[in-house]
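Hi everyone, thanks for making time. Let me put the structure up on the screen, and then we'll walk through it together.

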Amino acid sequence: MARALIIGAGAIGRGYLPWELKNFEIDFYDQNIDLIESLISNNGYRSFMSFGDKLQELHISDASFFSNINNINLNSYQIAFICIGPRNLTHLDKRFGELNCPLFSLENDYKTVDFLKYHLAKEDISFGVPDVITSLTASPENLKIDCNALHTENGLLHLEKNFNVNHELMDLLPKINWVDREMMIKEWDAKLYIHNTPHCIAAFYGHLHGCNYVHEALAIDEVYMELSGVIDEVLQTLKIKTNHDHKFLEWYAEKEIARFSNKLLFDPIRRVGREPLRKLAPEGRLLGIMTMALEAGIFPLYLARGVAAALKFDLAEDPDSFIISNIDEMGVNSFLEYMISLDSNSIQAKLIKSAYENL
Amino acid sequence: MKTYNIDQTLQLLSFKVMKIFDDCKHTQTIDHKENQYRDIVTNLDLIIDSELKNSLKKINPNIIYKSEESDFNLKDFNKIKKLLLVDPLDGSKNIETNLPFNQTMISYLEKGVVLNSAIINPNNRELLYYSKKLGTSSNKIVQKNNFTGPVYLAYGSTFSDNQFLTGIIEVINALSAGVYRWGSAGSGLMELYKGNLKGFVGKSIKIWDAISYIPIFEDLETFIYHKTYEDKLDLIISYDEEIFQELKKYFHDK
């Protein structure tokens with residue numbers, strides 16, 4: 001049987017990918033020794049996928065779990081995926097470059113492909129977009145059954161098709177949407193801005209309202225209205241700034257609020273909003289689209305309020321919480337300039353500062 | 001009351017400095033009091049010094065505070081168990097002359113060894129942190145290799161051996177793109193860290209002018225020589241072994 005290696009047993013790696021890899025024997029690698037030991041001692045785990053208002057269970061009981069790369073035969077795979085979180089890539093063991101199969105980065109950033117090629121000294125690395133919401137946890141009932149259970153949507157995995165992907169491999173992955181580079185960028189625009197932008201803003205508002213899960217935030221009228229405004233600004237911006245098919249963009253935008261509201265997902269606010277500083281990168285899902293909106297002649301008021309909400313995401317357990325919770329110590333201007341490289345006199349900064357004061 | 005570890009303490013102090021720089025940018029209240037022709041003290045020096053001293057007292061009162069503007073007696077500094085050594089504003093003269101070369105340097109030392117440092121450069125909005133535990137990190141600094149650029153030369157305001165300085169300049173001129181100076185040793189070290197310079201030479205400079213950077217460059221595995229005496233520091237750093245060895249030999253011979 002064909003074998004697949006999943007590097008990173010988090011939400012996407014553990015919760016979603018096994019649904020796409022039913023024709024493979026799966027090995028998981030994760031640096032979290034406690035998690036790996038728990039997965040081994042529990043003989044695997046369960047992933048629950050939502051179909052309408054029902055959940056379907058997949059018991060991953062025959063996979064192998066590793067926290068030590070020395071125990072992995074890197075020559076034994078037909079495909080491998082990396083989903084460890086962009087910030088962790090610099091710590092990725094360089095020996096994964098010895099994998100002799102195609103490797104896909106599912107790290108929400110096209111640049112990670114170039115980084116990984118350099119870091120691992122490996123050429124056949126491509127990009128993938130898992131268009132799916134996968135929680136890092138599960139409902140209380142399912143956690144009682146399995147402490148490592150997760151919930152996921154029935155999503156779609158887009159993988160970049162290039163020279164190293166053969167038909168044999170494609171036949172083993174019938175649900176995958178294989179796309180060329182240009183199409184991948186289109187899918188990426190749609191996911192980064194129409195999906196990821198409002199998704200993280202939902203989490204920031206959810207935190208402000210004391211919610212634990214994204215669907216709880218969406219149940220608050222005020223949050224729902226704000227997110228509708230955000231999606232509308234993003235949609236109009238992409239229509240003006242890109243050549244993407246308007247029907248595709250509208251189709252994608254329309255389903256988003258319903259996805260976030262899915263009560264079966266139990267997607268934690270702490271996961272979706274985590275590392276707000278990374279999300280506030282100059283060309284990223286928040287500031288990048290704000291700038292694009294202004295270039296398109298759209299005044300990004302909802303987006304500015306969403307960014308301001310990010311500046312209040314002071315969840316104690318988050319890696320960025322020390323900086324976020326001390327914004328007032330450094331002043332908002334300094335935060336914008338030192339921490340997210342935004343000129344405090346720019347229009348974006350003025351909108352954000354005004355929203356921050358009023359939030 | 002909230003407690004902070006030493007990494008957080010230095011981060012928090014750096015935040016306070018960032019705010020002062022931003023406030024002063026908007027209020028333009030910098031005037032200065034001269035105490036020497038070269039060394040001036042601006043109000044900004046004193047404001048930063050006072051903020052850091054008072055904040056440290058609240059955050060972590062067990063750490064002794066010394067700075068260029070407060071308790072600057074560094075005799076036996078390497079015997080102090082926990083010391084925060086600060087240059088509130090390196091390059092004060094550049095404030096007056098409107099040159100974009102000044103910064104704040106904060107170092108935490110245990111018995112003379114730097115375990116943490118925080119450097120705040122308000123001109124390019126750069127932050128550079130060092131932690132013995134976590135290594136070096138910065139907010140947006142991109143490093144590049146430089147083996148062809150100039151060498152920064154710094155010397156203490158009371159150092160008057162012009163013959164020695166002439167000799168150093170000769171060595172630098174022979175093996176690099178020449179001498180650079182812009183009135184702030186810290187700014188020279190920042191540019192060296194970024195790779196815009198080939199090396200740094202400091203003769204008889206004040207310890208707080210450069211000590212924050214020493215572990216950062218040690219981490220980078222550059223060629224580095226340093227010697228402290230009283231409150232002074234001799235320092236040579238370079239990415240290039242040849243010029244480093246020549247400068248070191250010159251220091252030893254003289």
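So, look at Y225(B): which residue is its bridge partner in β13(B)? That's I236(B). And keep in mind that what you see is a predicted model.

Now zoom out a bit from that pair. β12(B) and β13(B), residues 232–238, run antiparallel, with seven bridges joining them. They sit in an open, mixed sheet of five strands in chain B, and the order goes β10-β9-β11-β13-β12. At the edges you've got β10, 179–180, and β12, 223–229, of chain B, each of them pairing on one side only.

Okay, what lies across this sheet? Helix α4 of chain B, residues 162–175, crosses β9, β10 and β11 of chain B, and runs at about 170° to β9(B). Then there's helix α5 of chain B, residues 185–194, lying across β9, β11 and β13 of chain B, at about 155° to β11(B).

Next, where the two chains meet. Chain B puts 12 residues into the contact and chain A puts in 11. On the chain B side, helix α1 of chain B, residues 6–27, gives the largest share, eight residues. That side of chain B breaks down into five charged, four nonpolar and three polar residues.

Last bit: chain A. It has 17 helices and 11 strands, and its C-alpha trace spans about 60 × 45 × 40 Å along the principal axes. Is it built like a compact globule, or unlike one? For 359 residues you'd expect a radius of gyration near 21 Å, and chain A comes in at 20 Å, so that agrees. As for burial, 47% of its residues count as buried.

Notes
Residues are numbered from 1 along each chain as its sequence is written. Chains are lettered from A and ligands numbered from 1 in the order in which they are written. This is a predicted model: local features need pLDDT of at least 70, side-chain atom pairs count only at pLDDT 80 or more; totals for chains, interfaces and linings use all residues. Two residues are in contact if their C-beta atoms, placed from the backbone, lie within 7 Å. Helices (H or I, at least four residues) and strands (E, at least two) are DSSP runs, numbered from the N terminus. Ala, Val, Leu, Ile, Met, Phe, Trp, Tyr, Cys and Pro count as nonpolar, Asp, Glu, Lys and Arg as charged, and the others, Gly among them, as polar. The radius of gyration is taken over C-alpha atoms; the globule rule is 2.2 Å times the number of residues to the power 0.38. A residue is buried if 20 or more other C-beta atoms lie within 10 Å of its own, exposed if 12 or fewer, and partly exposed in between; C-beta atoms are placed from the backbone. Two strands pair if DSSP finds at least two bridges between them. Axes are lines fitted to C-alpha atoms, for helices over the stretch in contact, and angles run from 0 to 180 degrees between N-to-C directions.
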